[in-house]
Amino acid sequence: MADLPELDPVIHAQARLRVTVALAGLRPADQITFPRLQQLLEMTAGNLSTHLRKLEDAEYVEITKAYEHRTPVTLVRLTSKGRTAFETYTKALQRLLDAGT
């Protein structure tokens, strides 16, 4: 089992994996509001913020602050680097699972 793939530690944490999966389900240019993502994942605002910061530091997500009808809104999207990292992660995970059979 010497050729087992490494899993990206940024994505591999359970909460960040859930965030990445949710964002990967969107079209590449689409964004989701922070409250909607929080609701989908059933995470607290603080927990989600912490994990988004790690993903943002890795340049896997882009967070945009904007206004809609004078109300501040935070938008989140998976970057192309994040999408590629997620695809690489899922392929590595599949190879790891296949090695066990």
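# Reading the labels on this chain

Trainee: Why is His69 called exposed?
Mentor: His69 has a relative accessible area of 79%. Exposed means over 50%, buried means under 20%, and partly exposed lies in between, with a 1.4 Å probe and protein chains only. His69 is above the exposed cut-off, so the label holds.

Trainee: What kind of model is this, and how are its residues numbered?
Mentor: This is a predicted model, with residues numbered from 1 along each chain as its sequence is written. Local features need pLDDT of at least 70 and side-chain atom pairs count only at pLDDT 80 or more, while totals for chains, interfaces and linings use all residues; side-chain values use heavy atoms, with hydrogens and water left out.

Trainee: Where does His69 sit, and what makes its backbone notable?
Mentor: His69 is in the loop between β2 and β3. Its phi is positive, about 55°, although His69 is not a glycine. The hairpin of β2 and β3 has two residues between the strands.

Trainee: How do you know that β2 and β3 pair?
Mentor: Count the bridges. Eight of them join β2 (residues 61-68) to β3 (residues 71-78). Two strands pair if DSSP finds at least two bridges between them, so β2 and β3 qualify. The two strands run antiparallel. One of the partnerships is Ala66 with Val73 in β3.

Trainee: What makes β1 a partner of β3?
Mentor: Two bridges join β1 to β3, and these strands run antiparallel. That meets the pairing minimum, so this pair counts too. Thr33 has Leu75 as its bridge partner in β3.

Trainee: Which strands are called edge strands, and why?
Mentor: Start with the sheet. Three strands form an open sheet in the order β1-β3-β2, with antiparallel pairing. β1 (32-33) and β2 are the edges, as each pairs on one side only.

Trainee: How many helices and strands does the chain have, and what earns those names?
Mentor: There are five helices and three strands. Helices (H or I, at least four residues) and strands (E, at least two) are DSSP runs, numbered from the N terminus. The order is α-α-β-α-α-β-β-α. Take α1, residues 9-12, which holds Pro9.

Trainee: Is Pro9 buried or exposed, and how do you know?
Mentor: Relative accessibility is 64% for Pro9. That is over the exposed cut-off, so Pro9 counts as exposed. Its C-alpha lies 11 Å from that of Leu55, and the two residues are 46 apart in sequence.

Trainee: Where is Asp8, and how do you know that it has no salt bridge?
Mentor: Asp8 is in the segment before α1. It is buried. The nearest side chain of opposite charge, Arg16, is 7.5 Å away. A salt bridge needs a side-chain nitrogen of Lys or Arg within 4 Å of a carboxyl oxygen of Asp or Glu, so Asp8 has none.

Trainee: What does Asp8 touch?
Mentor: Asp8 touches Tyr60, Ala85 and Tyr89, leaving out residues up to four places away in sequence. Contact means heavy atoms within 4.5 Å.

Trainee: Why is His51 called buried?
Mentor: His51 has 14% relative accessibility, which is below the buried cut-off, so it counts as buried. His51 is in helix α4 (residues 45-57). Beyond its neighbours within four places in sequence, His51 contacts Ala15, Arg16 and Met43.

Trainee: What puts Glu59 in its accessibility class?
Mentor: Its relative accessibility is 46%. That falls between the two cut-offs, so Glu59 counts as partly exposed. Glu59 lies in the loop between α4 and β2. Its phi is near 65°, a positive value in a residue other than glycine. Glu59 touches Thr79, Lys81 and Gly82, not counting residues up to four places away in sequence.

Trainee: How far is Glu59 from Thr33?
Mentor: Their C-alpha atoms are separated by 18 Å. Along the chain they are 26 residues apart.

Trainee: How much of the chain is buried, and what box do the C-alpha atoms fill?
Mentor: Buried residues make up 33% of the 101 residues. The C-alpha box is roughly 55 × 25 × 20 Å along the principal axes.

Trainee: What share of the contacts joins residues at least 24 apart?
Mentor: The share is 56%, among contacts between residues at least 6 apart in sequence.

How values were computed: Lys and Arg count as positive and Asp and Glu as negative; His and the chain ends are not counted.
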